[in-house]
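Reader: I am new to reading protein models, and I would like to go through this one slowly, with the reasoning spelled out at each step. Could we begin with the empty space and then turn to the surface and the helices?

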Amino acid sequence: MNGKFRILLPVISLGVLLAAVFYLQPRAMSYFGLNLLFNLAVPIALATIAQMMIIMVNDIDLSVGTFVSFVACVTATFLNDSPLIGVLILGASILTYAALGALIHLRQLPAIVVTLGMSFVWGGLAVLILPSPGGAAPGWIRTLMTVKPPLVPMAIVASVLIAALTHLLIMRSATGTLLRGVGGNTKAVARSGWEIAKLKAGAYGLAGFFGVLSGVCLVGLTTSADANIALRYTLLSIAGVILGGGEFTGGRVSPVGAVLGALTLALAGSFLSFMRLSPDWQIGAQGAILILVLAVRLIFSRKASGQGGAA
């Protein structure tokens, strides 16, 4: 797909949805309204970036949702009561993610099966740590997530920072180029002397790092946790990456597009609420919005391919 359309489509999707929300609820066009609209978008954006790291190396992670729930449970318990133990647990979980990446490559295991299995492991650990909803957010996390910048809500500032930093890391750094190369042409990277197992471990480790950030931020916003708090993040993160211009093969991803895709999906929930659509229908309606955007993207792709072939 043309790089121009890769970033243009998520921008247009977010703009159209935002305009529709402002039309239905003009009072949302304010500092307070924007803060409410995008308040929960930051954890979703971080989970989407985590998923993007995996998709970048041609794999997929079906355990992101349960992993974020596990991190939220650790944050609301150990990180709050015994910070050192909490940090050690979160650090070990990132290392586990990195080890999974190396294992998947070395044993040629299907990532979809391994991560599906890990989703039960993370889910079980989350239930063991916090059998019922509860816990409390550490004060410094709560303070950080409720900061009120002077002109723009914290959620938008954080989203811009996430997009900028991950863009520099993945699109502008030598490490990011190598990781995208693993997804684009693994054999060529291996022939250049790089160890693919280490690179995949790095990509999975980054996914674990952003998953930890997502869980920590989620607890900072909700002030407590439970073992099922982020289960839907798995599907939202995959949809966010695809909506943002990413593709399942070839190392073709867009960090900025992924963040915009996550914001669009977060905004879609508010849009459907303003339309007074029953919550039972909202997941299906979000899926319909995603299919509509992807259909438009497919039309652009075929048009661009046709023009390329004609040239």
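Reader: How much space lies in the largest pocket?

Author: We should keep in mind that this is a predicted model. Rolling a probe the size of a water molecule over the atoms shows where empty space is left. For the largest pocket, the space found comes to about 490 Å³.

Reader: Which residues are the closest to the centre of that largest pocket?

Author: The lining of the largest pocket is made up of 22 residues, and at least two of them come from each of helix 3 (41-56), helix 6 (83-106), helix 8 (139-145), helix 9 (154-172) and helix 12 (196-222). Of the lining residues, the closest to the centre are Leu-46, Leu-144, Ile-162, Leu-213 and Cys-217.

Reader: How do the residues of that lining divide into nonpolar, polar and charged?

Author: Leu, Ile and Cys all count as nonpolar, so the residues closest to the centre, namely Leu-46, Leu-144, Ile-162, Leu-213 and Cys-217, belong to the nonpolar class. The lining as a whole divides into 21 nonpolar, one polar and no charged.

Reader: Is Tyr-23 buried or exposed?

Author: Tyr-23 has its place in helix 1, which covers residues 3-24, and together with Leu-24, Phe-274, Met-275, Leu-277 and Trp-281 it makes a nonpolar surface patch of about 680 Å². The relative accessibility of Tyr-23 is 71%, and a residue must be over 50% to be called exposed. Because 71% is over that cut-off, Tyr-23 counts as exposed.

Reader: Leu-14 also lies in helix 1, so is Leu-14 buried or exposed, and why?

Author: Leu-14 shares helix 1 with Tyr-23, but each residue has to be judged by its own relative accessible area. For Leu-14 that value is 12%, and because buried means under 20%, Leu-14 is buried.

Reader: How far apart in space are Val-74 and Val-216, C-alpha to C-alpha?

Author: Val-74 lies in helix 4, residues 64-76, and is buried, with a relative accessible area of 0%. Along the sequence, Val-74 and Val-216 are 142 residues apart, whereas in space, from C-alpha to C-alpha, they are separated by 8.8 Å.

Reader: How many residues of helix 13 are buried?

Author: Helix 13 runs over residues 233-243 and is mostly covered. Among its buried residues are Tyr-233, Thr-234, Leu-236 and Leu-243, and the helix is followed by Gly-245, whose phi is positive, near 105 degrees. Of the 11 residues in helix 13, the number buried is 10.

Terms used: Residues are numbered from 1 along each chain as its sequence is written. This is a predicted model: local features need pLDDT of at least 70, side-chain atom pairs count only at pLDDT 80 or more; totals for chains, interfaces and linings use all residues. Side-chain values use heavy atoms; hydrogens and water are left out. Patches are made of residues with over 30% relative accessible area and no salt bridge: like charges are joined within 9 Å, nonpolar side chains (Val, Leu, Ile, Met, Phe, Trp, Tyr) within 5 Å. Accessible areas come from the Shrake-Rupley method with a 1.4 Å probe; for residues, only the protein chains shown count as cover. A salt bridge is a side-chain nitrogen of Lys or Arg within 4 Å of a carboxyl oxygen of Asp or Glu. Helices (H or I, at least four residues) and strands (E, at least two) are DSSP runs, numbered from the N terminus. Buried means under 20% relative accessible area, exposed over 50%, partly exposed in between (1.4 Å probe, protein chains only). On a 1 Å grid over the protein atoms alone, a cavity is a set of points where a 1.4 Å probe fits but cannot get out, and a pocket is an open set with protein on both sides within 12 Å along at least five of seven lines; lining residues have an atom within 4 Å of a point. Grid points are joined across faces, edges and corners, and a volume is the space filled by probe spheres set on the points.
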